[in-house]
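Q: I am new to this protein and would like a guided look at it. Please start broadly and then go in close on one part.

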Amino acid sequence: IATFSVLESADDRKFFANKAIYYSKNYLNSFSSDGYGFEGVGYWNYGFGNYALLRQTLYDGTNRTYDSFTDSKASLAALFSKEFGMGPGNAANFGDCHFDVFFDSVTVRIVSMSFLQVPEASFQVPNRAEGLNLAYHLPKLLSQNTPFVSGVTTTGMYALRRFYNTSGVLVVRPNSYADGKGLAATIKLGGNKGGHSHNDIGSYVISSNSNKLTGDVGGPQFYDGDTFNDQRYDSPLMNSYGHPVPVVNGRLQSEAAKVLRNYGVNIKSKSFSNDTDSILFNLKGAYAEPYLKSLTRNFVYSRKDALITITDSVNFSTPCRFEDALISKKQWTFTGASSGYFSDGNDTLHVEVSSDAPFTMNATILNSYNVTFTRIGIYLLKSVTAAEVTVSFIGNSPQASQMAELSSSTSSQSNPSFPPKSQTKTGNNATNNVGVQKSPPRLRVLGGN
């Protein structure tokens with residue numbers, strides 16, 4: 001914008017316009033062919049907001065003859081903002097995306113005007129309460145004659161699901177009303193691209209009534225010298241220890257970007273219907289464990305029952321240790337040796353854990369990059385050659401309430417090896433049966449390279 005404003009020579013403006021067109025394609029190439037944005041919601045706001053500004057500048061500067069939004073990749077990138085959310089104001093926060101970030105309303109409005117023929121909104125001068133970062137308000141200054149691109153359609157968040165089949169990301173919603181009510185979830189089946197990747201293959205986010213209660217806690221509140229060097233994955237926020245995925249014989253996951261390049265997304269089966277969505281996928285490639293024969297995660301989402309079950313099935317060639325984990329920024333409360341609930345004061349999500357092997361659970365508070373969250377470890381008490389661990393998340397419905405009551409009344413008898421809450425394992429500086437650690441145990445940092 002500045003260049004085109006100060007250059008008087010038409011040849012100079014043409015030179016920079018051609019360069020802008022050429023190099024802006026690199027941004028579109030950061031999106032997968034299925035429209036998934038690996039860098040997440042926050043960087044979509046930044047990147048696509050600037051791309052939209054460039055689009056309008058080139059459109060006006062070429063006397064409305066060139067529109068970069070006619071590129072099919074541009075429409076895919078644009079519709080990421082319409083299709084990725086679990087509901088209004090509610091989207092998964094994978095990678096370096098902050099926990100509570102959603103798609104910027106101004107940029108989304110540009111998408112709506114450009115592809116869906118939503119009427120223009122009049123420009124409002126920002127006030128001091130909105131902040132004085134003028135760059136944030138630049139999209140509001142776009143021409144009142146925003147060009148429309150025909151032939152692009154979407155049902156957005158009114159669809160029951162959005163499956164990014166190439167990238168391996170599934171978004172499931174409770175209904176077709178896009179009202180934000182009910183139990184919703186997003187789960188990752190594969191690795192990542194780009195420098196904002198976390199080692200989070202198999203990670204997920206589960207929300208109740210648009211409140212994210214468990215799963216991925218998102219990215220750091222700041223960057224420092226170690227964020228993008230070889231120390232990046234020492235942080236439990238970025239390595240797999242701080243994600244709701246297994247630790248396999250003491251090993252964390254390998255770097256997710258390398259796993260994606262080497263193994264791709266390995267889906268074994270899937271089934272989608274109005275009542276139930278399920279998907280079974282392979283996690284073995286994420287772990288550099290020589291004794292690991294197989295590791296799968298089965299995700300089942302029942303709209304009718306407001307119920308999500310996640311089952312991890314593991315096989316080793318020799319007896320090995322295995323643990324699973326729940327992650328949350330919200331309050332965790334044990335209701336029994338194998339059950340509990342997450343709550344934020346407004347909504348509650350009940351949890352029941354089961355396994356064919358004896359296990360114990362404990363809660364540990366982690367803090368990294370100014371993000372504090374709780375890790376509820378699920379530890380098999382003995383080394384195994386084969387095991388299954390199932391976690392059931394019970395939402396708000398009549399059936400869910402019955403299941404939660406049954407869970408609470410039977411959990412203490414479900415496995416006599418489980419210790420009661422007062423005997424759960426804790427980390428250093430234990431308070432109310434919750435340990436406090438700034439980094440995971442050394443053993444769990446090693447491996448998986």
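What percentage of the contacts in the protein with a separation of 6 or more comes from residues 24 or more positions apart? After that, please take me closely through helix H5 (residues 105–115). Which of its residues are buried, and what do they pack against? Then show me which salt bridges link separate parts of the chain.

A: A word of caution comes first: this is a predicted model. Now your opening question. Residues 24 or more positions apart account for 66% of the contacts with a separation of 6 or more. The protein has 449 residues, and 53% of them count as buried. It contains 9 helices and 18 strands. Its exposed area is about 19800 Å², with 49% supplied by carbon and sulfur atoms.

Now go to H5. This helix is mostly covered, with 9 of its 11 residues buried. Start with Val106, Thr107 and Val108, which are buried. Ile110 and Val111 are on the list too. Ser112, Met113, Ser114 and Phe115 complete it. What covers them? The buried residues of H5 pack against helix H3 (40–61) and helix H4.

Take one residue, Thr107, as a close-up. It belongs to H5. Thr107 counts as buried because its relative accessibility is 2%, and the cut-off for buried is under 20%. Set aside its neighbours within four places in sequence. Thr107 then contacts Trp44, Asn45, Phe48 and Gly49. Leu53 gives a distance to check. Its C-alpha atom is 9.5 Å from that of Thr107, although the two residues are 54 apart along the chain.

Next, look just before H5. The loop between helix H4 (72–83) and H5 holds Asp96. The side chain of Asp96 forms a salt bridge with that of Arg232, at 3.1 Å from N to O. Arg232 sits in the loop between E5 and E6, so this pair ties together parts that are 136 residues apart in sequence. Are the two partners buried or exposed? Both Asp96 and Arg232 are buried.

The loop between strand E5 (211–215) and strand E6 (247–248) also holds Asp224. Asp224 counts as partly exposed because its relative accessibility is 35%. Together with Asp226, Asp230 and Asp234, Asp224 forms a negative surface patch.

Now widen the view to the other salt bridges. The count for the model is 12. One of them joins the side chains of Arg297 and Asp312, at 2.7 Å from N to O. This pair links distant parts of the chain, with Arg297 in strand E9 (residues 292–302) and Asp312 in strand E10 (residues 307–320), 15 residues apart. Arg297 counts as buried because its relative accessibility is 2%. Asp312 counts as buried too, at 1%.

Another salt bridge joins Asp344 and Lys330, whose closest N and O atoms are 3.8 Å apart. Asp344 lies in the loop between strand E13 (339–343) and strand E14 (348–355), and Lys330 in the loop between strand E11 (322–328) and strand E12 (331–336), so the pair ties together parts that are 14 residues apart in sequence. Asp344 counts as partly exposed because its relative accessibility is 24%.

Finally, find a linked group. Arg161, Asp277 and Arg303 are joined in a network of salt bridges.

To recap your close-up: H5 is mostly covered, and its buried residues pack against H3 and H4.

Methods:
Residues numbered from 1 in each chain as written. Predicted model: local features only at pLDDT ≥ 70, side-chain atom pairs only at ≥ 80, totals over all residues. Heavy atoms only, no water. Patch = residues over 30% accessible without salt bridge, like charges linked within 9 Å, V, L, I, M, F, W, Y side chains within 5 Å. Areas by Shrake-Rupley, 256 points an atom, 1.4 Å probe, with all protein chains shown as cover. Salt bridge = Lys/Arg side-chain N within 4 Å of Asp/Glu carboxyl O. Lys, Arg positive; Asp, Glu negative; His and termini not counted. Charge placed at Lys NZ, Arg CZ, Asp CG, Glu CD. Helix = DSSP H or I, 4+ residues; strand = E, 2+ residues; numbered from the N terminus. Buried < 20%, exposed > 50% of the residue type's maximum accessible area, 1.4 Å probe, protein only. Contact = heavy atoms within 4.5 Å.
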